Amino acid sequence: MSYLDNIKIVLVETSHTGNMGSVARAMKTMGLTNLCLVNPVIKPDSQSISLAAGASDIIKNAQILSSLEQAIADCHLVIGTSARPRSLQWPNLTPKECGDKIIQEAATAKVALVFGRERVGLTNDELQKCHYHVGIPANPDYSSLNLAMSVQVLCYEIRMSLLNLPTDLSNPVENDDAISFPKDEDIERFYQHLEQTLLKTGFINSNHPGQIMGRLRRLFTRARIEQQELNILRGILTSIDKKLG
């Protein structure tokens with residue numbers, strides 16, 4: 001299932017190695033194998049291997065990176081998990097919509113599904129690096145899903161979306177007419193360029209930047225910029241920079 005090869009599960013600053021093993025087991029039961037650990041508090045150990053049961057290969061082959069930016073740099077779609085509403089609302093998906101969106105884009109590009117810390121989840125800054133947020137509508141009176149449970153639910157939805165594909169779409173092929181979305185690292189360069197230009201023009205006050213960049217991130221995230229559109233925007237910023245000298 002080549003779709004699944006393009007999907008990575010990213011765990012940010014996991015503090016319990018047993019959770020890594022349980023996540024690996026949850027992934028493998030649904031056919032996912034790419035695990036990325038961002039700055040884990042403790043690196044995988046014997047407990048993670050033990051709780052992985054027959055999925056210890058996923059733990060042994062897991063990427064260990066120092067930042068979320070590194071983990072998602074090559075991804076064209078990034079979805080972050082969030083259990084509570086934030087002050088700056090972001091495009092949201094249900095678990096089923098999340099599975100459908102991931103399979104749709106994993107046909108031709110790399111995709112990341114990001115999970116945060118066991119106690120506090122992802123930070124606002126980390127969530128703003130994601131195109132969409134997904135939450136699991138658990139019982140409001142007792143919504144205590146642990147990390148592995150959350151991974152299992154969303155990986156199940158990914159697998160169901162894959163299994164529900166029409167037979168003629170089960171083996172993805174390159175399509176020259178398909179929309180091309182930029183990688184996360186290219187989007188981040190655009191935001192850096194945009195912020196630098198807005199600082200030069202005085203639109204952003206460096207001492208009191210407020211939420212301008214956060215709101216602009218949300219705007220462009222909702223628009224889901226295509227590669228050609230990104231090239232145009234970078235060209236516009238460059239022309240402004242030249243005029244400013």
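**View 1. Salt bridge between Asp74 and Lys8.** In this predicted model, the side chains of Asp74 and Lys8 form a salt bridge with an N to O distance of 3.3 Å. The two residues lie 66 residues apart and link distant parts of the chain: Lys8 belongs to strand β1 (residues 7–12), and Asp74 to the loop between α5 (68–72) and β4 (77–81). Asp74 is partly exposed at 25% relative accessibility, whereas Lys8 is buried at 10%.

**View 2. Salt bridge between Glu13 and Arg117.** The closest N and O atoms of this pair are 2.8 Å apart. Glu13 sits in the loop between β1 and α2 (17–29), and Arg117 in the loop between β6 (111–115) and α7 (124–127); the pair links distant parts of the chain, 104 residues apart. Glu13 has a relative accessible area of 28% and is partly exposed. Arg117, at 16%, is buried because buried means under 20%.

**View 3. Salt bridge between Glu69 and Lys129.** The N to O distance is 3.2 Å. Glu69 is in helix α5 and Lys129 in the loop between α7 and β7 (132–134), 60 residues apart. Shared salt-bridge partners join Glu69, Lys129, Glu188 and Arg217 into one network. Glu69 is partly exposed at 35% relative accessibility; Lys129 is buried at 15%. The structure holds 11 salt bridges.

**View 4. Nonpolar surface patch with Ile240.** Ile232, Ile236, Ile240 and Leu244 form the patch, and together they have about 340 Å² of accessible area. Ile240 is located in helix α11 (residues 227–244). Its relative accessible area is 31%, and Ile240 is therefore partly exposed. This value also meets the patch cut-off of over 30%.

Conventions. Residues are numbered from 1 along each chain as its sequence is written. This is a predicted model: local features need pLDDT of at least 70, side-chain atom pairs count only at pLDDT 80 or more; totals for chains, interfaces and linings use all residues. Side-chain values use heavy atoms; hydrogens and water are left out. Patches are made of residues with over 30% relative accessible area and no salt bridge: like charges are joined within 9 Å, nonpolar side chains (Val, Leu, Ile, Met, Phe, Trp, Tyr) within 5 Å. Accessible areas come from the Shrake-Rupley method with a 1.4 Å probe; for residues, only the protein chains shown count as cover. A salt bridge is a side-chain nitrogen of Lys or Arg within 4 Å of a carboxyl oxygen of Asp or Glu. Helices (H or I, at least four residues) and strands (E, at least two) are DSSP runs, numbered from the N terminus. Buried means under 20% relative accessible area, exposed over 50%, partly exposed in between (1.4 Å probe, protein chains only).
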